[in-house]
Amino acid sequence: LTFHHRNIMRGTTFISQASTFLIPAFTLVYLTERKNWATYLNLNKTPQLNNISLAVIILLASMPLTQFIFWINKQIPLPELFNKWENLSETAISGLITMESPIELILSLIVMAVIPALGEEFVFRGILQKNLEKIFKNGHAAVWSAAFIFSAFHFQFMGFLPRFFLGILLGYLFLWTRNLWIPLIALFIYNGIQV
């Protein structure tokens with residue numbers, strides 16, 4: 001793929017991520033909470049450095065286990081149609097992570113780390129998990145349910161189990177700290193390392 005084609009993919013991914021997660025989540029919270037939107041999303045408190053450090057250490061330390069879970073996930077036979085979807089997804093991702101200049105690195109980090117961290121954490125931890133906890137009256141049930149939906153929503157069957165595991169880790173980071181900045185920063189660093 002040429003530089004031009006890679007940037008079209010980045011632009012399309014940016015628009016997709018922003019319009020699927022970030023803009024709808026922020027709009028919903030802003031319209032319902034107005035001036036209290038940051039408090040509703042648990043973004044109103046500055047995160048403590050020790051919590052950020054611990055969250056990043058937990059996610060980085062979990063990477064070998066995540067890879068093992070990914071290997072297990074790959075052993076599950078998929079119908080041919082699912083395999084075709086997975087191949088298309090891998091082609092798109094390889095285009096996004098091909099970088100021949102620092103500008104492409106920055107663009108890829110924005111598209112694959114910044115926007116997904118903001119949008120996905122707003123939706124899955126800031127809104128969904130919080131509301132599931134109210135419904136279930138159980139933080140653990142909310143974490144596991146939100147993580148399942150988080151993984152399923154990506155429509156990538158080959159990575160379902162490791163993404164489910166990642167969602168559980170992020171969910172517990174939010175449950176324990178009650179600060180959305182913690183899983184948001186952790187997911188940004190996790191995705192950034194992947195880039």
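Select R125 and E121 to begin, and display their side chains, which meet in a salt bridge with N and O 2.8 Å apart. Both residues belong to helix α6, and because they are four residues apart there, about one helical turn separates them. R125 is buried, and E121 is buried as well. Bear in mind throughout the tour that this is a predicted model, with a mean pLDDT of 88 for the protein and 91% of its residues at 70 or more.

**Further salt bridges**

The pair just shown belongs to a group, for the structure holds three salt bridges in total. As background, side chains of opposite charge can pair when their charged atoms come close.

Select E104 and R10 next; their side chains form a salt bridge, at 2.9 Å from N to O. Here the two partners come from distant parts of the chain, with E104 in helix α6 and R10 in helix α1, 94 residues apart. Are these two residues buried or exposed? E104 has a relative accessible area of 1% and is therefore buried, and R10 is likewise counted as buried, at 3% relative accessibility.

Now move to R178 and E133, whose closest N and O atoms are 2.8 Å apart in another salt bridge. R178 sits in the loop between α8 (160–177) and α9 (181–194), whereas E133 sits in helix α6, so the bridge ties together parts that are 45 residues apart in sequence. The two ends are not covered alike: R178 has a relative accessibility of 35% and counts as partly exposed, while E133, at 19%, counts as buried because the limit for that class is under 20%.

**The nonpolar surface patch**

Switch to a surface view and select F14, I15, I103, I106, L107, I110, V114 and F188, which together make a nonpolar surface patch of about 650 Å². The elements contributing two or more residues to this patch are α1 (3–33) and α6 (102–136), and α6 provides the largest share, with five residues. To look at one member in detail, pick L107, which is found in helix α6 and is partly exposed, its relative accessible area being 32%.

**A buried glutamine in α1**

Select Q17, which lies in helix α1 and is buried, with a relative accessible area of 16%. Which residues does Q17 touch, once its neighbours within four places in sequence are left aside? Its contacts are with L22, V111, I115, P116 and E120, so it is worth showing these five side chains together with that of Q17.**Aromatic rings**

The structure holds 12 aromatic pairs. In one of them, the rings of F26 and Y30 have centres 6.1 Å apart and planes at 15°, so this pair counts as stacked. F26 and Y30 are four residues apart in helix α1, and about one helical turn therefore lies between them. Each is partly exposed, F26 with a relative accessibility of 32% and Y30 with one of 36%.

Go on to F160 and F164, where the ring centres are 6.1 Å apart and the planes meet at 15°, so that this pair, too, is stacked. Being four residues apart in helix α8, F160 and F164 are separated by about one helical turn, and F164 is buried, with a relative accessible area of 16%. Then select F21, F124, F150 and F153 together, and display their rings, which ring pairs link into a cluster.

**Helix α7 and the confidence of the model**

Select A141, which is found in helix α7 and is partly exposed, with a relative accessible area of 27%. From A141, draw a distance to Q129, which is 12 residues away along the chain; the C-alpha atoms of the two are separated by 9.1 Å.

To finish, colour the model by pLDDT and ask where in the protein confidence is lowest and where it is highest. The lowest mean, 66, belongs to helix α5 (residues 80–96), and the highest, 96, belongs to helix α7 (residues 139–152), the helix that holds A141.

Methods
Residues are numbered from 1 along each chain as its sequence is written. This is a predicted model: local features need pLDDT of at least 70, side-chain atom pairs count only at pLDDT 80 or more; totals for chains, interfaces and linings use all residues. Side-chain values use heavy atoms; hydrogens and water are left out. Patches are made of residues with over 30% relative accessible area and no salt bridge: like charges are joined within 9 Å, nonpolar side chains (Val, Leu, Ile, Met, Phe, Trp, Tyr) within 5 Å. Accessible areas come from the Shrake-Rupley method with a 1.4 Å probe; for residues, only the protein chains shown count as cover. A salt bridge is a side-chain nitrogen of Lys or Arg within 4 Å of a carboxyl oxygen of Asp or Glu. Buried means under 20% relative accessible area, exposed over 50%, partly exposed in between (1.4 Å probe, protein chains only). pLDDT is the predictor's confidence in each residue, from 0 to 100. Contact means heavy atoms within 4.5 Å. Rings of Phe, Tyr and Trp (its six-membered ring) pair if their centres lie within 6.5 Å; planes under 30 degrees apart count as stacked, over 60 as edge-to-face and the rest as tilted.
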